[in-house]
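Student: I'd like to learn how to read helix packing and helix bends. Can we go through it together?

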Amino acid sequence: MIYEEISSESRTRRTLTGAARVLLALKMDGPLVTGLALTAAYGLVVLYSASTENLDIEVRTLMRLVLGTAVMLALARVSPNFLRRVSPWLYLIGIGLLLAVTVVGHVHLGAKRWLSFGPVRFEPSELMKLAVPMMCAWYLHERPLPPKWPTLLTLGAIILVPVGLVAKEPDLGTSALIAAAGALVVFLAGLRVRVIISLLLIGVLGAFFGLRYMHGYQRERLLTFLNPQADPLGAGYHIIQSQIAIGSGGVFGKGWMNGSQAQLDFLPERTTDFIFAVIGEEFGLLGLAALLLLYAFIIGRSLYLSMQTPDTFSRLLAGSLTLTFFVYVFINAGMVTGLLPVVGVPLPLVSYGGSSVVTVLAGFGILMSLHAHRKLMGS
Amino acid sequence: MSPVRIKDNWREQRIFDRRAIFAGAVMGLLALALFGRLYLLQVDRHEYYSTLSQENRVRTEPIPAARGLIMDRSGEVIASNQPTFQLELVPDEVPDLKGSLRRLVKLGLLQAEDIPELIRTIKSRRSFDSVPIRLHLSDEEVARFAVRRYEFPGIDIKPRQARWYPHGSLAVAAVGYVGTINEHDLKHINAAAYAGTAVIGKTGVEATYEKELHGVNGYRQILVDAQGRPVRRPGVFAKDLEIKAPVPGDDVILSLDLKVQRVAEQLLAGRPGAVVAIDPWNGNVIALASSPTFDPNLFARGISEQQYRALMDDPQRPLFNRALRAQLPSGSAIKPALALGALTDGVINPQLPVYSPWAYHLPGSRHLYHNAMHENCGSVDLSQAIIVSCDVYFYRLAHEMGIDRIGAWLPNFGFGRPTGIDIPGEQQGLSPSRAWKASHFRNPADRVWFPGDTVILGIGQGYFLVTPLQLAHYTSILATRGLSFAPRLVTGLRDPRTGKIHWKRPILDGDLTMISPASWKIVVNAMVGVTANPRGTAYWQMRGSPYAIAGKTGTAQVVAEDASGAASEREYKKDKTLERLRDDAWFIAFAPAEAPRIAVAVLVEHAGWGDVAAAPIARKIMDAYLLGPNGKLLPHPGRGRLSEPSGIKPRVDPGIPATPTPLQQQVAEASP
């Protein structure tokens with residue numbers, strides 16, 4: 001009896017360690033992978049309703065998830081040292097591609113964002129979401145922290161050149177995310193508080209003057225954010241309808257596939273940027289809370305993993321990737337609920353379309369690589 | 001010396017950890033803000049957003065009530081409904097109203113000249129109601145619009161019940177017509193109650209009984225998507241959608257006898273005139289016709305500016321309802337009323353023959369008032385004077401009565417006031433008096449009543465004006481020997497759901513009890529003499545009638561009015577003048593004379609003499625009403641499937657024998 005007990009217990013332990021061994025071999029972090037998988041699954045369920053039962057969209061999202069997972073697995077296996085070494089090259093290639101976009105880019109919906117390689121369309125700005133923090137982390141890796149002024153100026157140039165190129169496409173949302181990814185590296189590197197404050201002031205002033213040079217629709221979005229009721233059928237329509245969707249969902253929601261705002265086409269962009277509102281309408285406050293808890297878990301776990309990485313490059317990059325993920329979630333949720341202006345930022349792992357799923361999972365692949373290889377890094 | 005670069009990993013780890021924890025705290029705060037926002041939206045303002053979401057997806061669509069039918073006394077339908085397609089527009093949903101209408105003109109679905117009126121109408125209706133902009137689309141037009149539908153947001157084809165008058169112009173003077181609701185109509189109706197209704201009664205019974213015919217519109221809530229298109233999705237979205245069934249309008253039962261109406265209109269066809277026939281015992285209008293007519297379906301289908309112009313510009317004025325609105329001198333048709341007045345007031349001795357030469361002059365005046373044909377009546381008593389319609393006798397009679405007596409008697413017979421018929425638009429004619437003349441003219445010299453004014457009143461000329469309806473009403477008072485019923489077209493309302501009929505009681509609004517039976521006998525017998533006595537003015541037209549007819553001819557002289565509005569006495573010879581200036585012919589009659597069932601007044605404009613033009617029409621109308629297919633008197637003439645139960649028994653004058661033929665003979669034999 002005792003033997004059996006022990007053996008069953010040890011079998012359990014063996015099984016657990018077996019799964020752990022597989023994850024270890026794959027350089028995966030179990031809790032993080034679980035969080036990502038649950039979020040993606042939740043996203044698929046919501047997307048099925050948001051797309052009004054469009055299986056095509058479902059299959060394509062699944063394919064992107066598979067592709068993203070493959071990229072994640074591949075990147076997780078890559079050594080952090082290699083990642084660090086290729087960072088400047090990746091960055092330079094990214095800049096080159098962005099320049100190429102301005103010359104031979106594919107124009108879609110008034111924006112020049114894509115490069116076509118035969119049937120494959122590629123957004124270089126997605127690459128920069130990873131390349132910029134990698135480059136910043138690489139640059140700071142060699143230098144003492146907290147960074148001094150010359151270092152900061154160089155970093156400013158490293159960040160602003162791609163940000164400017166992407167903003168010119170124009171893609172305000174992505175350029176802001178790239179800027180955030182770079183800036184967060186610098187922040188995590190221990191940028192002094194008074195510098196942060198003065199930079200924020202400069203940023204506010206810059207935004208004030210930048211408003212004058214913005215594209216019409218960008219300025220409109222900002223103004224609409226400030227007063228959505230001014231043009232309820234025009235630019236304010238998105239915000240008003242998404243707030244109606246979320247608000248009418250209440251605590252428990254109208255039920256899966258029963259959100260009238262989403263199902264009857266009142267909610268624009270409901271499979272992509274505004275899918276958060278679909279969750280709010282159909283699953284209510286509880287559904288949103290569940291999603292946000294999943295995100296909180298992913299972010300918390302990632303932050304924990306970043307703190308365990310051994311060197312500056314790894315820490316800064318992993319930390320920045322984590323915080324950027326939070327920025328994605330917060331900007332999207334903020335814009336859909338009317339806290340922030342409407343900028344085209346998808347809800348990570350849930351929104352349909354684009355290469356964003358792949359980029360996000362690639363980021364987590366890098367993060368897990370940085371964590372998993374911590375014991376291998378001697379120097 | 002360059003500064004030594006020392007990487008202090010432990011210190012950098014500490015910096016990072018502090019920053020990471022700080023970032024974690026900031027993220028926590030932001031997450032809290034987000035939750036606060038979600039709480040505000042989903043808990044605090046949940047009700048508000050639920051309402052907005054409901055309003056987003058639910059549109060209330062009116063269900064127009066079926067308009068009640070209009071039928072004659074035998075149940076024959078005069079106004080019905082027909083399923084048609086019509087083009088409707090929701091102002092709120094049309095981004096470019098003028099542009100859309102202009103493109104509809106290009107598609108040939110609207111007329112360019114109708115656009116301004118249409119825009120006025122659309123602007124005056126509620127912006128979220130569907131406004132009909134084109135009724136009665138043909139199949140081809142429906143197809144033409146359907147393929148371009150996507151170009152016209154907010155405009156759609158709707159299947160509706162449209163008004164349809166199966167007999168065309170028949171009885172339009174009585175029934176009236178419906179037309180598209182315009183700015184003017186909207187001032188009188190509740191826009192909400194008319195949401196979804198395309199047309200409204202404009203004239204006739206359609207207008208008077210608009211409320212009853214219209215019914216109560218219902219509504220249904222439908223689910224729409226963001227483009228406003230109805231969505232068919234069962235279950236959760238549709239479960240709280242409301243529907244309220246419309247209450248159909250009442251069917252209106254008319255007293256009209258379409259058989260008689262048809263005869264009347266056929267006889268009038270081609271010449272301006274009017275016919276009004278009344279059942280004297282209850283005021284039921286048996287036939288009411290105005291000629292020329294027009295097709296009310298034109299209006300029911302939405303008349304175009306061009307068609308309307310054509311009707312308005314027609315010199316014969318088909319839209320002018322002569323039966324109610326033509327105001328003319330009555331001519332000699334007034335003589336029985338004057339005779340009754342004079343007899344009752346004791347002004348004349350009916351048996352006393354009066355020498356009546358070819359002309360009359362007032363004492364002390366050289367102005368001559370001629371007989372109509374300048375004939376010499378010889379020595380005639382009252383009865384003979386009526387039979388041969390001797391003008392000189394009545395010039396004298398009028399002069400002897402005086403304006404004050406005449407002015408008091410005429411209203412007793414319904415003149416100078418509305419008859420009270422239950423359709424709008426009747427004119428009240430003019431019953432002159434000293435007071436009227438004193439107040440009517442601007443020039444003080446014209447305000448004095450001259451004896452000459454009274455003289456010509458004796459033959460129903462001068463200031464005296466009547467409408468065909470008034471004359472028919474007057475005839476019915478003669479027929480009942482004094483009872484006055486307000487003429488009416490509507491006898492009952494039928495609830496189409498239960499089939500129950502609510503009958504309306506006839507309105508008795510006068511009884512001339514002061515006139516003695518003896519007076520009635522003299523005058524009615526004289527009127528029978530008009531048709532039965534070989535010297536009677538309508539003898540040739542009424543010859544051989546199987547029932548006794550009490551009749552009277554009349555000729556309204558067409559007069560040219562001078563600037564002050566006073567009628568001058570210029571007379572035109574009928575064959576030598578333009579048709580437009582010829583005299584108007586009247587004939588009034590009731591029959592059978594001893595127990596009348598029908599009183600009729602016929603007007604033929606510019607026809608010449610009453611006996612020639614109007615009398616045969618009256619005869620055929622009475623024949624159509626009174627006689628069966630075998631040419632014999634019907635036991636219950638005019639009794640239709642939907643006739644109301646008779647409450648009031650005819651009051652037969654005891655002085656008149658019950659059988660018709662002896663009376664005719666008696667009168668014929670007694671005459672000179």
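Tutor: Let's take one helix pair, then one bent helix. This is a predicted model, where local features need pLDDT of at least 70, side-chain atom pairs count only at pLDDT 80 or more, and totals for chains, interfaces and linings use all residues. Residues are numbered from 1 along each chain as its sequence is written, and chains are lettered from A and ligands numbered from 1 in the order in which they are written.

Student: At what angle do helices H14 and H20 of chain B pack?

Tutor: Helices here are DSSP runs (H or I, at least four residues), numbered from the N terminus. Axes are lines fitted to C-alpha atoms over the stretch in contact, and angles run from 0 to 180 degrees between N-to-C directions. H14 (residues 335–345) and H20 (residues 517–532) of chain B pack at about 155°, their axes 10 Å apart. That makes H14(B) roughly antiparallel to H20(B) (over 145 degrees).

Student: Which residues of H14(B) and H20(B) make the contact?

Tutor: Contact means C-beta atoms, placed from the backbone, within 7 Å. H14(B) brings Pro336(B), Ala339(B), Leu340(B), Leu343(B) and Thr344(B), while H20(B) brings Ser519(B), Ile522(B), Val523(B) and Met527(B).

Student: And the bent helix: where is the kink in H16(B) centred?

Tutor: The bend at a residue is the angle between axes fitted to the seven residues ending there and the seven starting there. In H16(B) a kink of about 95° is centred on Gly402(B). H16 (residues 391–412) of chain B spans only 22 Å between its end C-alpha atoms, whereas a straight helix of 22 residues would span 32 Å at 1.5 Å a residue (1.5 Å times one less than the number of residues). Just after H16(B), Gly414(B) has a positive phi of about 90°.

Technical notes:
Helices (H or I, at least four residues) and strands (E, at least two) are DSSP runs, numbered from the N terminus. Angles under 35 degrees count as roughly parallel, over 145 as roughly antiparallel, 65 to 115 as roughly perpendicular and the rest as oblique. Two residues are in contact if their C-beta atoms, placed from the backbone, lie within 7 Å.
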